[in-house]
Amino acid sequence: MEEDVPLSEIKTILKQLIAIPSVNPDHVQDAEIKQTICGEARMAEKLRESFTSFGAEVEVEEIQPGRPNVYAIFTGNQPLSGPCSERASGNGLKWLCVDVHMDTVPVVGMTPYEPFSGVEDDQGRLHGRGSCDTKATLAVVLGLLQWGAKTGRTLRP
């Protein structure tokens, strides 16, 4: 019997990601706010831990202070083929790539919900910075990886 990826687990992950402030510091002038809610370092650490736990080869690259990129590589077991195979680096196996940003826009004027609360309204929608942007994408990716780990399935690049 086919097991579905549980939406409730993806929502839980999304709430956790929303709770991690990652406001783009380029859009904030106030120094105190910049120190408390800006930058993606906390989000990068959460992703590094999560991807590592699911077997990825993970690299964190500090692009600017407090603004790292996270690279998680899941290598498959099938050889690359087609036009890109000639340019393949590494071991020549297929791999999976998901590209998302971790920063959010500033929180000034955000109402009626707290920006990092991950509040679910009476219609089941989650609110907070990143809830309908790429934190949602990351929650789906992490949910799929978690589901694969629980069910013994792997993503096939």
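This report walks through the fold, the cores and a handful of individual residues in a predicted model of one protein chain.

**Overall layout**

The chain has 4 helices and 5 strands. Read from the N terminus, they come in the order α-α-α-β-β-β-β-β-α, so three helices lead, the strands follow, and a helix closes the run. Of the 157 residues, 32% are buried. If you take contacts between residues at least 6 apart in sequence, 56% of them join residues at least 24 apart. As for the surface, the chain exposes about 10000 Å², and carbon and sulfur atoms supply 51% of that area.

**Two nonpolar cores**

The largest nonpolar core has 19 residues. Within it, the residues that touch the most other members are Leu17, Met43, Leu47, Phe51, Ala139 and Leu142. Helix H1 (7–18), helix H3 (41–53) and helix H4 (134–151) are the elements that each give two or more residues to this core. There is also a second, separate core of 6 residues, with Val23, Ile37, Cys38 and Val107 among them.

Back in the largest core, Met43 is worth a look. Setting aside residues up to four places away in sequence, Met43 touches Leu17, Ile20, Ser22, Met102 and Lys135.

Phe51, in helix H3, is another of the well-connected members. Phe51 counts as buried because its relative accessibility is 9%, under the 20% cut-off. Beyond residues up to four places away in sequence, Phe51 touches Ala56, Val58, Val70, Ala72, Phe74, Val141, Leu142 and Leu145. Two of those partners, Val141 and Leu145, are listed among the buried residues of H4.

**Helix H4**

How does the span of H4 compare with what 1.5 Å a residue predicts? The 18 residues should span 26 Å, and the end C-alpha atoms sit 25 Å apart, so the two values agree. The buried residues in H4 are Thr134, Lys135, Leu138, Ala139, Val141, Leu142, Gly143, Leu145, Trp147 and Gly148. Just past the helix, Gly152 takes a positive phi of about 80 degrees.

**Links across the sequence**

Some pairs are far apart along the chain, and here is how their C-alpha atoms sit in space.

| Pair | Separation in sequence | C-alpha to C-alpha distance |
|---|---|---|
| Gln16 and Gly118 | 102 residues | 7.7 Å |
| Val119 and Ala19 | 100 residues | 10.0 Å |
| Phe51 and Gln146 | 95 residues | 9.8 Å |

Gln16 belongs to helix H1. With a relative accessible area of 37%, Gln16 is partly exposed, and its side chain makes a polar contact of 3.4 Å with the side chain of Lys46.

Val119 lies in strand E4 and is partly exposed too, at a relative accessible area of 32%. Leaving out neighbours within four places in sequence, Val119 is in contact with Tyr113, Arg125, Leu126 and His127.

**Two buried charged-type side chains**Asp121 sits in the loop between strand E4 (119–120) and strand E5 (126–127). Is Asp121 buried or exposed? At 13% relative accessibility, Asp121 counts as buried. Its side chain and that of His127 are joined by a polar contact of 2.9 Å. Aside from neighbours within four places in sequence, Asp121 is in contact with Tyr113 and His127.

Arg67 lies in strand E2 (residues 67–79). Arg67 is buried as well, with a relative accessible area of 15%. A polar contact of 3.5 Å links the side chains of Arg67 and Asp26. Not counting residues up to four places away in sequence, Arg67 touches Asn24, Pro25, Asp26, Glu40, Glu62 and Asp103.

**Cysteines**

How many disulfides does the structure hold? The count is 0. Cys38, listed in the second core, is buried at 12% relative accessibility. Cys132, by contrast, counts as exposed because its relative accessibility is 78%, over the 50% cut-off.

Technical notes. Residues numbered from 1 in each chain as written. Predicted model: local features only at pLDDT ≥ 70, side-chain atom pairs only at ≥ 80, totals over all residues. Heavy atoms only, no water. Core = buried A, V, L, I, M, F, W, Y, C linked by side-chain atoms within 4.5 Å. Buried < 20%, exposed > 50% of the residue type's maximum accessible area, 1.4 Å probe, protein only. Contact = heavy atoms within 4.5 Å. Disulfide = S-S within 2.5 Å. Expected span 1.5 Å × (residues − 1). Areas by Shrake-Rupley, 256 points an atom, 1.4 Å probe, with all protein chains shown as cover. Polar contact = N/O pair within 3.5 Å; in protein donor to acceptor, adjacent residues only side chain to side chain.
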